[in-house]
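Trainee: I've got a model open and I'd like to talk through its insides with you. Can we start with the empty spaces and then move to the packing?

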Amino acid sequence: MIRDREPIRVALLGCGTVGTEVLRLLQDQPEEFAARTGAPMLVTGVAVRRPHKHPEVPENLLTTDAQALVEGDVDVVVELIGGIEPARSLLLTALRSGKSVVTANKALLAEHGSELYAAADEAGTDIYFEAAVAGAIPLLRPLRESLAGDRINRVMGIVNGTTNYILSAMDSTGAGYSETLDEAGRLGYAEADPTADVDGFDAAAKAAILASLAFHTRVTASDVHREGISAVTPGDIAAAATLDRTVKLLAICERVIDEDGTESVSARVHPAMIPRSHPLAGVGGAFNAVFVEAEAAGQLMFYGQGAGGAPTASAVLGDLVAVARNLVVKGKGPRESAHAQLPVQPMGKTPTRYHISLDVADKPGVLSQVAATFNEHDVSISVVRQQGRGAEASLVVVTHTAADAALSSTVDKIAQLPIVREVVSVMRVEGEPT
């Protein structure tokens, strides 16, 4: 009988929005979880900094001594406190002492994932982290397990709900960045300090995890080229609309093959214009979606709620059930797969496309001078549109694919032309073959 088996003892580190939901569901559905895992699951302690702020947690479970809880008589440590320290030290202690780990800590995994994986391998324990990217969306396990026999070429997605809400609202209302950010804060979509979201740090950590899994290569957050959305203007949104496109903050991880056949990995986060016909273009509000391109499976899309207490708790509990099942049958989950060891390509060598808006003088020869500058840098033009007269004269150029460094240096040279009054905006273009 399941109820006669020794329980799986669980230590919970952190009891915020997600942790509260995890604890509630475990306590409300003990028979259900026991049936799924093959043994009862018992929460033996909840480590928090301020116990008086957690009246919903039974007093006998609360502790401020996370270290003692981790070192105690537990089988699984669920880490939901976030940040690098003390989370890193606590999880290393847990893994090295033979305890399995479930974590939602994308920053920790993006910076110290290899250290955690090595500790788990040495001790023969599990580390699961589905909730670290895209909340409730089953994404990491398909990359880690379901597509393990396939060759993934590209992963492109919207992995931050705050920035997606802001850009979606700018697109639908025409409002500016600052006022939309304020509205996101009032609605609870943006933190009091939104820096990690709007400057792309959150998405970059997630991109590092996605690239590591997809390409069997260790990629850290510092390897990911990162740009945020604070410079996106209503003019950029309007310019995208004229091309039947919309603007999204994208995490893009791809396998790049040079002319000599050398393979490398590109990982980047930045705003980009994508066609409204692309599956990611219709992802609105605070939702997340990730588009995967694999050789055998073809194109796959994963969509759903990327944050929030209950959605993220769903992913955490899925991992907890998997770990508990492994403990019951004395098995092990998937290990780190970094055998490919591909180099990470610098952003300057990464092939991209640019949309460039120029404020130009209304004089003959403007287009020819701009085109000549592109030609000097071996960058070809896909679309060019000149509009307005006099002080309102402007030029819009969309390039074909070229190395990002070549495109950047072209823009710098164009800005120095006497006939160019201002480079109004520069944005990358994604989402269709060229």
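Mentor: Sure, but let's fix a term before we count anything: a cavity is a set of grid points where a 1.4 Å probe fits but cannot get out, and its volume is the space filled by probe spheres set on the points. Bear in mind that this is a predicted model.

Trainee: How much space lies in the largest cavity?

Mentor: By this rule there are 2 cavities of 30 Å³ or more. The second largest cavity has about 40 Å³ of space. For the largest cavity, the volume is about 50 Å³.

Trainee: Which helix gives the most to the lining of the largest cavity?

Mentor: Start with the lining itself, which includes Tyr-128, Phe-129, Leu-140, Arg-141, Arg-144 and Glu-145. By class it has 4 nonpolar, no polar and 5 charged residues. With 4 residues in that lining, the top contributor is helix H6 (residues 140-146).

Trainee: And where does the largest share of the second largest cavity's lining come from?

Mentor: Around that one you'll find Tyr-117, Ala-120, Asp-121, Ile-127, Arg-144, Pro-334, Arg-335 and Glu-336. They divide into 4 nonpolar, no polar and 4 charged residues. The largest share is 3 residues, and it comes from H5.

Trainee: Now the open spaces. Which residues lie nearest the centre of the largest pocket?

Mentor: That pocket holds about 1,400 Å³ of space and has 45 lining residues, split into 20 nonpolar, 17 polar and 8 charged. Elements giving two or more residues to the lining include helix H1 (17-28), helix H5 (106-123), helix H7 (161-173) and strand E11 (287-294). Nearest the centre are Lys-106, Glu-191, Asp-202, Ala-307 and Gly-308.

Trainee: H7 is in that list. How many of its residues are buried?

Mentor: Check its geometry before its surroundings: at 1.5 Å a residue, its 13 residues should span 18 Å, and that agrees with end C-alpha atoms 18 Å apart. The buried residues of H7 pack against strand E7 (152-158), helix H8 (177-186), H9, helix H11 (234-242), strand E9 (245-257) and E11. Among those buried are Gly-161, Tyr-165, Ile-166 and Met-170. Out of 13 residues in H7, the buried count is 10.

Trainee: Ile-166 rings a bell from the core. Which helix gives the most to the largest nonpolar core?

Mentor: That core has 79 residues, and Ile-166 is one of those with the most contacts inside it, along with Val-77, Phe-129, Val-133, Leu-139, Ile-152 and Leu-210. The biggest contribution, 11 residues, is from helix H10 (residues 201-215).

Trainee: How many residues are in the second, separate core?

Mentor: Its members include Val-18, Val-43, Leu-80 and Ala-315. Val-43 sits in strand E2 (residues 41-47) and, leaving out residues up to four places away in sequence, touches Val-10, Leu-23, Leu-26 and Leu-61. The number of residues in this second core is 34.

Trainee: Does Val-43 count as buried or exposed?

Mentor: Buried means under 20% relative accessible area. Val-43 has 12% relative accessibility, so the label is buried.

Trainee: Back to Leu-139. Which residues is it in contact with, leaving aside neighbours within four places in sequence?

Mentor: Leu-139 is among the residues with the most contacts inside the largest core, and so are Val-133 and Leu-210. Both of those turn up in its contact list, which reads Glu-130, Val-133, Ala-134, Leu-210, Val-290 and Phe-302.

Trainee: What is the phi of Ala-134?

Mentor: Ala-134 is in the loop between strand E6 (127-128) and H6, and at 1% relative accessibility it counts as buried. Most residues other than glycine have a negative phi. For Ala-134 the value is positive, near 65 degrees.

Trainee: Asp-244 has a positive phi too. Where is it found?

Mentor: The phi of Asp-244 is near 60 degrees. As for its place, look in the loop between H11 and E9.

Trainee: Last one: which residues does the cis peptide bond join?

Mentor: Most peptide bonds are trans. Here omega is about 10 degrees, and the proline involved lies in the loop between strand E4 (76-79) and helix H4 (87-96). The pair joined is Glu-85 and Pro-86.

Key
Residues are numbered from 1 along each chain as its sequence is written. This is a predicted model: local features need pLDDT of at least 70, side-chain atom pairs count only at pLDDT 80 or more; totals for chains, interfaces and linings use all residues. Side-chain values use heavy atoms; hydrogens and water are left out. A nonpolar core is a set of buried Ala, Val, Leu, Ile, Met, Phe, Trp, Tyr and Cys residues joined through side-chain atoms within 4.5 Å. Buried means under 20% relative accessible area, exposed over 50%, partly exposed in between (1.4 Å probe, protein chains only). Contact means heavy atoms within 4.5 Å. On a 1 Å grid over the protein atoms alone, a cavity is a set of points where a 1.4 Å probe fits but cannot get out, and a pocket is an open set with protein on both sides within 12 Å along at least five of seven lines; lining residues have an atom within 4 Å of a point. Ala, Val, Leu, Ile, Met, Phe, Trp, Tyr, Cys and Pro count as nonpolar, Asp, Glu, Lys and Arg as charged, and the others, Gly among them, as polar. The expected span of a helix is 1.5 Å times one less than its number of residues.
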